[in-house]
Amino acid sequence: MKRTALAIVFLLAFLTQGLAPGFAQDTAPDRSATGGAQTLEDILKRQRGEPVDDSFRSDKTGDPNSAAAMSSQLGTLGGVSDPELWRALRYGTADVKVSAGGPQARVLIQDGGMSWLAFREGPLATYGALLLGGTIVLLALFFLIRGRIRIDGEKTGLTITRFKAIERFGHWLLGGSFVLLALTGLLTLFGRMAIIPLVGHDAFAPLAHFSKWIHNNVSWAFMLGLIMVFVMWVAHNIPNKLDLKWIAVGGGLFKKGVHPPAKKFNFGQKLVFWGVIVLGVSVSVSGLSLLFPFDMPLFAATFEKLNATGLPQLFGYGTLPTQLAPQEEMQLAQLWHAIVAFVMMALILAHIYIGSIGMEGAFDAMGSGEVELQWAKEHHGLWVEEVREEERRKHTEHAVPAE
Ligand code: HEM
């Protein structure tokens, strides 16, 4: 839990590094030669993409007391000089009044967009692709070394019901929608780089349009599937002592014939379950924030809560910004949505592998819902006993005549 919290703080701090001017700590250079204005060093630093503490400019946005006096009718227009007004616009503190368009229309200059673009096209795309590619390579290596995990014992020819129709419906609603969302999401991120050079702009335009339509609308099926799966399976996914035995032998994944005792879900499956729930909720909430632009700002409020824990300060990132322009909120929501989606895709690739080619007999559980009894005994022995016990109980209840 603690580790997850630290990881989140790290990510948030990483994300905001380039997006929130003035957030990074910096030692103030000597600006006496420019009378306090920015120096060549400041400009070069910014061009190199290094963080610059802009407070020497962002704080000078119009102090009426230090403004030149109005000497005549043609003198200065009150307390704010032109450079100060431009700085206030630049740092989002100018008193802009608009008659329509909401708070986002009051932002006339928003330079965080460039850092967002650079992050989206750079580290996000690069590390995201590496994560997915790396996961596929690892799974292929695992398959080459370990091979398909077979049913060790003699098959019985008998089956046991593993998942009811409603459970399979919930699973495929979640799984099917996720696959569609993943493919259309990847197309949105990588289309410009990978697809346009192949098919050209004219062919890509309708593809991107259709893909966005699918992505926006299928998200509801995903959220419904997520709720169904959570309600149906949460009781079976509470951690217990058996999980320690599973961890001790690596789930038997790496050695033939090793089968740690498990109830309905083993520890590996619990990891998948909780991963899907936590990441699924996070990707859904940030997705909703993107679907209803500017109506669901999330980050300033989250940063405020994180600041209160003291963790960002502890890790040397200072206080996270709690005043974000509506556009900055959207930029952060987009990056967070994509990062969480990448992590979830990597997890799901591993899940799809083990639920299909990786393990003999596993797919039937979500296909027909009936699994080979020997498979069930090997992988979920305690669950088989529970099911039998329940059947015996029902049987005796029916057998005893009512008094
Ligand atoms: C598309 C290919 C997929 C296949 C072949 C597949 C296969 C399976 C199978 C066979 C099981 C039951 C395992 C058992 O009997 O113990 C299962 C369970 C589960 N699936 Fe999938 N699945 C797929 C996609 C997904 C996706 C995309 C998600 C979520 C976004 C998902 C979430 C889950 C969860 C939470 C469980 C219960 C925990 C577990 O068994 O790991 N599945 N899946």
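**Exercise 1. How do H6 and H7 run relative to each other: roughly parallel or roughly antiparallel?**

Solution. Keep in mind as you work that this is a predicted model.
- Step 1: Find the two elements, helix H6 at residues 165–199 and helix H7 at residues 201–233.
- Step 2: Look at their axes, which cross at roughly 155 degrees and come within 7 Å.
- Step 3: Angles over 145 degrees count as roughly antiparallel, so H6 and H7 are roughly antiparallel to each other.
- Step 4: Add the handedness: the crossing of H6 and H7 is left-handed.
- Step 5: Sort the residues of this contact, and you get 21 nonpolar, twelve polar and two charged.

**Exercise 2. At what angle do H5 and H12 pack?**

Solution.
- Step 1: Take helix H5 (residues 112–146) and helix H12 (residues 326–355); the angle is about 5 degrees, and the axes lie 10 Å apart.
- Step 2: Angles under 35 degrees count as roughly parallel, so H5 is roughly parallel to H12.
- Step 3: Now see who meets whom: the H5 side includes Trp116, Phe119 and Leu124, while the H12 side includes Leu335, Phe342 and Met345.
- Step 4: Divide the contact residues of H5 with H12 by character, giving 15 nonpolar, six polar and two charged.

**Exercise 3. Is His380 buried or exposed?**

Solution.
- Step 1: Locate His380 in helix H13, residues 373–399.
- Step 2: Count its C-beta neighbours inside 10 Å: there are 24.
- Step 3: The cut-off for buried is 20 or more, so His380 counts as buried.
- Step 4: Beyond neighbours within four places in sequence, His380 contacts Ala262, Lys263 and Lys264.
- Step 5: Check one of these partners: Lys264 is 116 residues from His380 in sequence, yet their C-alpha atoms are 6.1 Å apart.

Terms used:
Residues are numbered from 1 along each chain as its sequence is written. This is a predicted model: local features need pLDDT of at least 70, side-chain atom pairs count only at pLDDT 80 or more; totals for chains, interfaces and linings use all residues. Helices (H or I, at least four residues) and strands (E, at least two) are DSSP runs, numbered from the N terminus. A residue is buried if 20 or more other C-beta atoms lie within 10 Å of its own, exposed if 12 or fewer, and partly exposed in between; C-beta atoms are placed from the backbone. Two residues are in contact if their C-beta atoms, placed from the backbone, lie within 7 Å. Axes are lines fitted to C-alpha atoms, for helices over the stretch in contact, and angles run from 0 to 180 degrees between N-to-C directions. Angles under 35 degrees count as roughly parallel, over 145 as roughly antiparallel, 65 to 115 as roughly perpendicular and the rest as oblique. Ala, Val, Leu, Ile, Met, Phe, Trp, Tyr, Cys and Pro count as nonpolar, Asp, Glu, Lys and Arg as charged, and the others, Gly among them, as polar. A crossing is left-handed if the near helix is turned anticlockwise from the far one by less than a right angle, and right-handed if clockwise.
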